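Thanks for coming. I will go through one structure, in three parts: a pair of helices, a pair of strands, and the cysteines.

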Amino acid sequence: MKNKIDYKLFVAVLLIATFGIVMIFSASSIWAEYKFQDPYKFIKAQGLFFIVGIFIMLFLSKVDYHFYCKKANTILFICFLLLILVLIPGIGTIRNGSRSWFGLGGFGIQPSEFAKIGLIIYVAKYLSNNKKNMRDIKKGVLPILSVIMVFFGLIMLEPDFGTAMVIVLTLVVMIFVSGVNVSFFVKIGLVGLVGIVGLIIVAPYRMARIVSFLNPWTDPLGSGFQIIQSLYAIGPGGLLGQGFMHSRQKHFYLPEPQTDFIFSIISEEFGFLGVLIVTSIFFFIFYRALNISLKQSDLFGKYLAFGLSFGIIIQALLNLMVVVGIIPVTGVTLPFLSYGGSSLLVSMASIGIILNVSRNQK
């Protein structure tokens, strides 16, 4: 007999996603009215994806997660094929300098977002099937790292450094908890650091982001503009904020505030109390999802729920660190809150799979 889904997790996700739609309207209405003569443009699109996301979440909560284990290779191949296709001019479309989208009418689908789930499923299957080999670097670790690096390379060709980092960090955490020697991760970390430095050197815009991160006032109207405007939004928030719909920075100061920097608008309008509530909901979602993973006796289900929960929280943490100026701008959205159909659907699909794992706990 199957258990009921984790309704506390389900309700928490609905609450934060609903609040996200409300904040997308507040953050985007001025910009949308100016550019599209429709203040409701972004909220209508996000609302549609939200409704679709609820159905996907409920549907996936009823699909036996063992199905993904059987089809892991096929799912990974489809993700690989989509990442190849999106790089082809005429098929993939360019937005904000990255060829990382499929244009479907007025909407855009980002295959790298769906590759997150595909890779987590594949790595979960690999780790559950190779438990004894994971202490052997050549037999256990290097093969799966090779697969990860292929996908990392494809996403970097778009380029989409933020999504690539979320994926790599999530999968490395999954491999780390599988029992691999810590010294190996120290070595990989050093190699990765050298690689990141190389990626920064070959792309001048990344170096500009680093410089603006260290001192945004070196280029206040260029590379440092976003973080300065973000901090100007956060600063006046105080304890209770300026009030809903009363943000000043959304008036053409903070570029496209409904996406990567929506948390800045939340902080400005709802203050420290709003920040505390939103971050508390995020950690509650992570706690419930991680708890499902820890209670699961099936190894594949354990790794699957673990990877999906960490994928969400790592992306959220990276976004929040960017917004407050702890790390350079990465272009990572805030799960459930930022405008973006692909991000919302993938986040809600991840929760749907986790909910199914909770139904199959023994």
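How do α5 and α7 lie to each other, roughly parallel or roughly antiparallel? Before I answer, the caveats. This is a predicted model, so local features need pLDDT of at least 70 and side-chain atom pairs count only at pLDDT 80 or more, while totals for chains, interfaces and linings use all residues. Residues are numbered from 1 along each chain as its sequence is written, and side-chain values use heavy atoms, with hydrogens and water left out.

Now the helices. Helices (H or I, at least four residues) and strands (E, at least two) are DSSP runs, numbered from the N terminus. The axes of helix α5, residues 111-129, and helix α7, residues 161-176, come within 10 Å and cross at roughly 15°. Axes here are lines fitted to C-alpha atoms, for helices over the stretch in contact, with angles from 0 to 180 degrees between N-to-C directions. Angles under 35 degrees count as roughly parallel, over 145 as roughly antiparallel, 65 to 115 as roughly perpendicular and the rest as oblique. So α5 and α7 are roughly parallel to each other. Residues in the contact (heavy atoms within 4.5 Å) include Leu119 and Val123 of α5, and Ile167 and Leu171 of α7.

Next, the strands. β1, residues 92-95, runs antiparallel to β2 and is joined to it by four bridges; pairing requires at least two DSSP bridges. One of the partnerships is Gly92 with Phe102 in β2. The two strands form a hairpin with two residues between them, and Asn96 in the turn has a positive phi of about 55°. In β2, residues 98-104, five of the seven residues are buried, meaning under 20% relative accessible area with a 1.4 Å probe, protein chains only; exposed is over 50%, and partly exposed is in between.

Last, the cysteines. How many disulfides (cysteine sulfur pairs within 2.5 Å) does a search of the whole structure find? Zero. For Cys69, the nearest cysteine sulfur is that of Cys79, 16 Å away. That is too far for a bond. Cys69 counts as buried because its relative accessibility is 19%, and Cys79, at 7%, also counts as buried.

Methods
A disulfide is a pair of cysteine sulfur atoms within 2.5 Å.
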